[in-house]
Amino acid sequence: MLSNPDRSYPIKIGLLSGVIAVLIALEGMIQAFGARDIIGGVISLGHALLYATFFAAAYLAIRRSGATRLVNTIFVGALSSLIASIFVIALVWLGSWTDLGYVFVNATQPLYELLTFKQGLVVGSLLMLIVGIVMGILAALTVALPAKTRQYILTPVIWVITLGVLQDLVTVTIQNMPFLKPVTNFLYVSNGLSIPGALTIFVLLLAINYFWLEKRSAAQNRYASLPPASRRAVRWGSIGIGVVLLLMLPQILGLYLSEVLDNVGLYLLMGLGLNIVVGFAGLLDLGYVAFFAIGAYTVGVLTSPELGHAVIIGNWWVALPFGVAVAAFAGILLGIPVLKMRGDYLAIVTLGFGEIIRLLALSDVLKPFFGGAQGTRSIADPDIGPLEMTWSPQSFYYLFLAGCILVIFVSTRVKNSRLGRAWMAVREDEDVAQAMGIDLVATKLLAFGMGASFGGLAGAIYASKLTSIFPHSFNFLISINVLSLIIIGGMGSIPGVVVGALALVGLPELLREFSDFRYLLYGAALVVMMLVRPEGLVPEARRAMELEEFREEEEPAKEPVVLKTMGQP
Amino acid sequence: MRRFSERLNLTDVIMFIIGALILLLVVVGSAATLYAGKYTTRQWLDLVVFGVALGSIYALIALGYTLVYGILRMINFAHSEVFMAGPFTAYFLADAMGKSGFLDQNLFVGLLIIFAVSMTVSTIVAILLERIAYRPLRFAPRLVPLITAIGASFFLQYFFRGLYGPNIKVYPEIAFLKNVIRIGDLNIQYLQVLVIAAAALMMIGLQIFIQRSRTGKAMRAVAEDKQTAALMGIDIDQIIVITFVIGGALAGAAGVLYALMFKQVNFIMGFIPGIKAFTAAVLGGIGNVPGAMVGGMFLGIIESIGPTLFLDGLNVPAPQQLKDAIAFTLLVLVLIFRPSGILGEKLAQKKA
């Protein structure tokens, strides 16, 4: 391949990246992210996104072209990122002649200004071309650097971007610690990092990164050579610090970030529940929101005085077991009809169930029971005994934390039990599992029931937190959210679910501009994940093995295709 | 007798009871509605005509599901977004032509252009979908392409939302299509005639294409056995692309018909019709082309007259609210009790 590089490759990649860059602009991403500066007044996240596209185009073109001499790589890289930047300029020129905004909502004057750096059409276009070429040269230099140096530089750059983007998080956190105030004043300007701040972070992290990469093995050796007693002490000490940190988190982070944490906790609970059904037992359930809704509505109906039922339980804690139990029962009940189904049909039927539950809660028929579109209101607070507390997001955090710890504990214990192994056997091959004496009916129903009960628990806490629930809060998107986070985290892997919840629920809340593109990026992430890394970010060992097998099997299957192309002239 | 009781197990009994209860509900509800006699023959006929028009649209979309399932053995979850992409894009053209008066003067040409644009866009989306999301995963475990399809579906929805905006767009009113033909008690709008005729034309064309043409024959061969078809010199990749092209074009056409009937388009418009069309495909037996047409008609009529017929007699308030619930219940029931569909293949048990 090296001897005969495809010469049209840089052009092809340039064209493709150009189209992608234009679509990113038309999606409104550059505009939305353009408001957030990474380094104040120097570069915004929106521009960084555009530059990253150019850089990626050049990098890919260099890699694929097989060019090795520096001059050649610079030429190839600059060519393909230049082509990409020409597309962006073409968009601006086209937009200035015709009214693109009639069709594309985001093709507006502010976008064109961003794309021309507010320098007018001609000067702006030239600047954009220069940026294209510079990105190509940078990509060529990156390729030319030794791998180790590249690693040294890359990590600090990522940290500068992260700290710049997460300015709100850092400043809000530090507001609670007045003695650190001068640090933030130095690091940040009103929007983004200050220039000296960015440089300081870069240099500091470069040094830390260098020492970390050089001395890591020495530190590990030293830890390994400690006597067992002190090693235990170190381990328990770090666990202790972790626990204290978890307990202090709402106080450190303040009101808004506690709200974010609550959301993460909520989705973590649901994710762990769905993980049992999809991850452990391999039953793709697209209607998981139904159990969340059932848990929420059970607790709501039992504790709300507004609907005027005969039985009202004032205490949330008494209603909670009912919520969990009803959800688990519903899980088993909905599981019975789908026992014989697999894969696609199962997914569609569960999706149908989820929608039916929502439509029923919304309809006028059941309005006397669930309140129809007006929802169920005045749901009780989770007060303990006579203790009347004011329930803020910070106090709910502890409820979510307790729930998550309980559910993680149950999940971990179940996973390695006889039942957990039966689930995995069913996931890998139902027929073989049955032949080995596994009771398919009981195994699957237990998976549905247990998964649903976690969802019910999440719903019960959610109902109490919002104090009123409406049918439209339980739509299909929640199922998709939960499914995305367990798939991206790694199906069947409990740490994976935690990572997935933090990345997919926590991150978008920190970056408000993100929220418009949330499902766009979820969708893209699901596709890319399945294409590139189907086992997830934090894969489960067994699952990774299964998928590895499939990749090995795939190779011989491709053979006939090769034969066929060889037969053609 | 003894063997029968041995074969019986608890889950089957529960399923039987659920099925019987729903059947009872339907029968009692229908009887009560008809006995009360609140509706005239004319009203029933109106509902049936509306149902047939709606059903032809479902049938067109269902063909996309069925064709792809027949060949790849996977549910193309993103097909509902292929259906949305065409009419959502063609809206801008329709709107411009409606405002300038072109559409009222040259109705035929105008509609033809709208159809052409919508079908082209849908087809392009379908081709890209196959190329990027499905082709690399053709040999992956079943769950993997299914998740990809769900991801692609969401990506496409929100991609078009970002491109054209989240608002509902309203297709222009075409005065001519609102005229009514009267035959006794039967009233049919020109629009409904257009929808039914266009759908029928395309379905007949597809049937002829699949049965008579060389490519159609190759498609059937690939659906039957991929390996053998490849050995016979059929280019599998090409046939799969053609399948997606046909499915996409039909979905694009169905999208315009849907937009003309309901006037509104937005990025989420594909979701519910998509699930219903899938129901139609399963009803008729997935992988079966005439089945998809029959299933579509059946579902359209049930959805149209169902809420009134089944629920009105039971004094359910606002039965129209539950028309989607009826369609979903039908979907669930069909998948549980007869996954092979009305005209289903015998193979279905193995595949489902």
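**Helix H12 of chain B, its surroundings and the chain interface**

With 13 residues at 1.5 Å apiece, helix H12 of chain B (residues 271-283) ought to span 18 Å, and its end C-alpha atoms do sit 18 Å apart, so expectation and model agree. The model in question is a predicted one. H12(B) is also largely enclosed by the rest of the structure, because 11 of its 13 residues are buried. The buried set runs through B:Pro273, B:Gly274, B:Ile275, B:Lys276, B:Ala277, B:Phe278, B:Thr279, B:Ala280, B:Ala281, B:Val282 and B:Leu283. What do these buried residues pack against? On the chain B side there are H3, helix H4 (79-100), helix H11 (236-262), helix H13 (289-311) and helix H14 (323-337), and from across the way comes H14 of chain A. After H12(B) comes B:Gly285, with a positive phi near 95°.

H14 of chain A turns up again at the interface. Here, 46 residues of chain A are in contact with 46 residues of chain B. Helices H14 (343-362), H20 (476-489), H22 (518-532) and H23 (541-557) of chain A each put at least two residues into the side that touches chain B. H14(A) supplies the largest share of that side, 12 residues. Sorted by class, the side of chain A that touches chain B holds 34 nonpolar residues, along with six polar and six charged ones.

Then there is the nonpolar core. The largest one counts 263 residues, and B:Ala59 and B:Ala253 touch the most other members. Helix H3 of chain B (residues 41-72) gives the most to this core, 15 residues. Chain A takes part as well: domain 1 (1-144) and domain 2 (245-554) of chain A each contribute at least three residues to the core. Leaving aside residues up to four places away in sequence, B:Ala59 touches B:Ala199, B:Met203, B:Ala280, B:Ala292, B:Met293, B:Gly296 and B:Met297. One of these contacts, B:Ala280, is among the buried residues of H12(B).

Two smaller details round things off. In chain B, strand E2 (residues 180-183) pairs with strand E3 (residues 186-189) in the antiparallel sense, over four bridges. B:Val180 stands opposite B:Gln189 of E3(B). The two strands make a hairpin with two residues between them, and B:Gly184 in the turn has a positive phi of about 60°. Over in chain A, A:Leu138 belongs to helix H6 (residues 121-144). A:Leu138 counts as partly exposed because it has 19 C-beta neighbours inside 10 Å, where 20 would make a residue buried. Its C-alpha atom is 17 Å from that of A:Ile13, a residue 125 places away along the chain.

Conventions. Residues are numbered from 1 along each chain as its sequence is written. Chains are lettered from A and ligands numbered from 1 in the order in which they are written. This is a predicted model: local features need pLDDT of at least 70, side-chain atom pairs count only at pLDDT 80 or more; totals for chains, interfaces and linings use all residues. Two strands pair if DSSP finds at least two bridges between them. Two residues are in contact if their C-beta atoms, placed from the backbone, lie within 7 Å. Ala, Val, Leu, Ile, Met, Phe, Trp, Tyr, Cys and Pro count as nonpolar, Asp, Glu, Lys and Arg as charged, and the others, Gly among them, as polar. A nonpolar core is a set of buried Ala, Val, Leu, Ile, Met, Phe, Trp, Tyr and Cys residues joined through C-beta atoms within 7 Å. A residue is buried if 20 or more other C-beta atoms lie within 10 Å of its own, exposed if 12 or fewer, and partly exposed in between; C-beta atoms are placed from the backbone. Domain bounds come from an automatic or database domain assignment. The expected span of a helix is 1.5 Å times one less than its number of residues.
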